[in-house]
Amino acid sequence: MSPREAPASVACVVHDVAPSTWPECSTLLRMLDEIGAGPVTMLVVPHYHYRDPITKDRRFVAALDQRLARGDELALHGYHHRDDEPPPRTLRGFVERRLLTRAEGEFAALNEAAAAWRISHGIDAFRALRWPLHGFVPPAWLLGTASRSAIERCGFSFRYVSARRGLYRLPQWRFLRTANLCYSPDAPWRRALSRALIRAELVRAKQRSLLRVSLHPQDARRGDVMAHWRVLIAEALTERVPVTKERWIASLEPEPSVRPAPSTDRHSPEASVQRAAG
């Protein structure tokens, strides 16, 4: 089954899942449970903002074990979720790494060795907790060229890597376009812009088999944002089947055994997303 032939699906994704964000994440999950939006994909940060690592918080681990048991997915969402590299020198870099992400695009500018260290330690954390792992989602969906190389050479068989506008299906790095709804709730102008972008994305979603709903802990702090999410997700569920990202990837047609050569077309979907993510 090709992406265009796949049943219309919606993947509700809770970002930035960590012990310190768990109260807000729990609020988001309760909302999703109440409107029947499961199963859910949860993006786990092993050492969020350098605070206590997930492996040392028993209550947090037990809560995620329960979510796994009910069919949710846990994906690796960076390691520290902080962009500690030198400040960007270009306008585009400033917009991507500072304005849009507030210095949280962890894998935007890392060299390959640093990216490999964080990826391997994230994988080790999942292994220590015996959690299944299929997906990698770079914070802020920013993935530099060196970080991509680190994923390719890490020795772990990820099934997908997320970008803002779609998913890469591994190991071929086949790019699959999706729709993606996201809020920036911290200021009135950001919320207004988010609502406008969501309206535009919902128009594009009519041509996509997968709609991603990207929820962040800060969304739970705004009653108006939560109310809007309820309406949006409830409407999506009238037309789409809820899935995890891993299940959606697994539902597609088998990939060819030979990895295709990288596209040299600068206007191809993969090339455009690589430029946006890098």
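These are my notebook entries on one protein structure, which is a predicted model.

**Entry 1. Overall make-up**

I began with the protein as a whole. I found nine helices and 10 strands. The protein has 278 residues, of which 52% count as buried. I then looked up how far apart in sequence the contacting residues are. Among contacts between residues at least 6 apart in sequence, 75% join residues at least 24 apart. I noted an accessible surface of about 13,300 Å² for the protein, and carbon and sulfur atoms account for 53% of that surface.

**Entry 2. Salt bridges**

I looked up the salt bridges next and recorded a count of 13. I examined the pair Arg118 and Glu106, whose closest N and O atoms are 2.8 Å apart. Arg118 lies in helix H4 (residues 112-128), while Glu106 lies in the loop between helix H3 (91-99) and H4, so this pair ties together parts that are 12 residues apart in sequence. Are these two partners buried or exposed? Arg118 is buried, because its relative accessible area is 10% and the cut-off for buried is under 20%. Glu106 has a relative accessibility of 0% and therefore also counts as buried.

I stayed with helix H4 for a second salt bridge, between Arg127 and Asp124, with an N to O distance of 3.9 Å. Both residues lie in this helix, three residues apart, which is about one turn. Arg127 counts as exposed at 53% relative accessibility, and Asp124 is partly exposed at 41%.

In helix H5 (residues 145-152) I looked up Glu152 and Arg148. Their closest N and O atoms are 3.6 Å apart, and the two form a salt bridge. They are four residues apart in the helix, so about one helical turn separates them. Glu152 is partly exposed, at 37% relative accessibility, whereas Arg148 is buried, at 18%.

I also recorded a network of salt bridges that links Asp33, Arg67, Arg70 and Asp72.

**Entry 3. A buried arginine without a salt bridge**

I turned to Arg212, which lies in strand S9 (residues 210-215). Which side chain of opposite charge is nearest to Arg212? I found that it is Glu201, at 7.5 Å. A salt bridge requires a distance within 4 Å, so Glu201 is too far away to form one with Arg212. Arg212 is buried yet has no salt bridge. I then listed its contacts, leaving aside its neighbours within four places in sequence; among them are Ala11, Trp141, Ser162, Arg164, Arg165, Thr178 and Asn180.

**Entry 4. Aromatic rings**

I counted nine aromatic pairs. In one of them, Tyr168 and Phe175 have ring centres 5.1 Å apart and planes at 55°, so the pair is tilted. Tyr168 counts as buried at 4% relative accessibility, and Phe175 counts as buried at 10%. I also noted a cluster in which ring pairs link Phe107, Phe136, Phe156 and Phe158.

**Entry 5. A nonpolar patch on the surface**

Which residues make the nonpolar surface patch of about 330 Å²? I found Trp189, Leu193 and Leu197 there. I followed up Leu193, which lies in helix H6 (residues 188-205). Leu193 is partly exposed, with a relative accessible area of 43%. A patch residue must have over 30% relative accessible area, so Leu193 meets that requirement.

Notes
Residues are numbered from 1 along each chain as its sequence is written. This is a predicted model: local features need pLDDT of at least 70, side-chain atom pairs count only at pLDDT 80 or more; totals for chains, interfaces and linings use all residues. Side-chain values use heavy atoms; hydrogens and water are left out. Helices (H or I, at least four residues) and strands (E, at least two) are DSSP runs, numbered from the N terminus. Buried means under 20% relative accessible area, exposed over 50%, partly exposed in between (1.4 Å probe, protein chains only). Lys and Arg count as positive and Asp and Glu as negative; His and the chain ends are not counted. Contact means heavy atoms within 4.5 Å. Patches are made of residues with over 30% relative accessible area and no salt bridge: like charges are joined within 9 Å, nonpolar side chains (Val, Leu, Ile, Met, Phe, Trp, Tyr) within 5 Å. Accessible areas come from the Shrake-Rupley method with a 1.4 Å probe; for residues, only the protein chains shown count as cover. Rings of Phe, Tyr and Trp (its six-membered ring) pair if their centres lie within 6.5 Å; planes under 30 degrees apart count as stacked, over 60 as edge-to-face and the rest as tilted.
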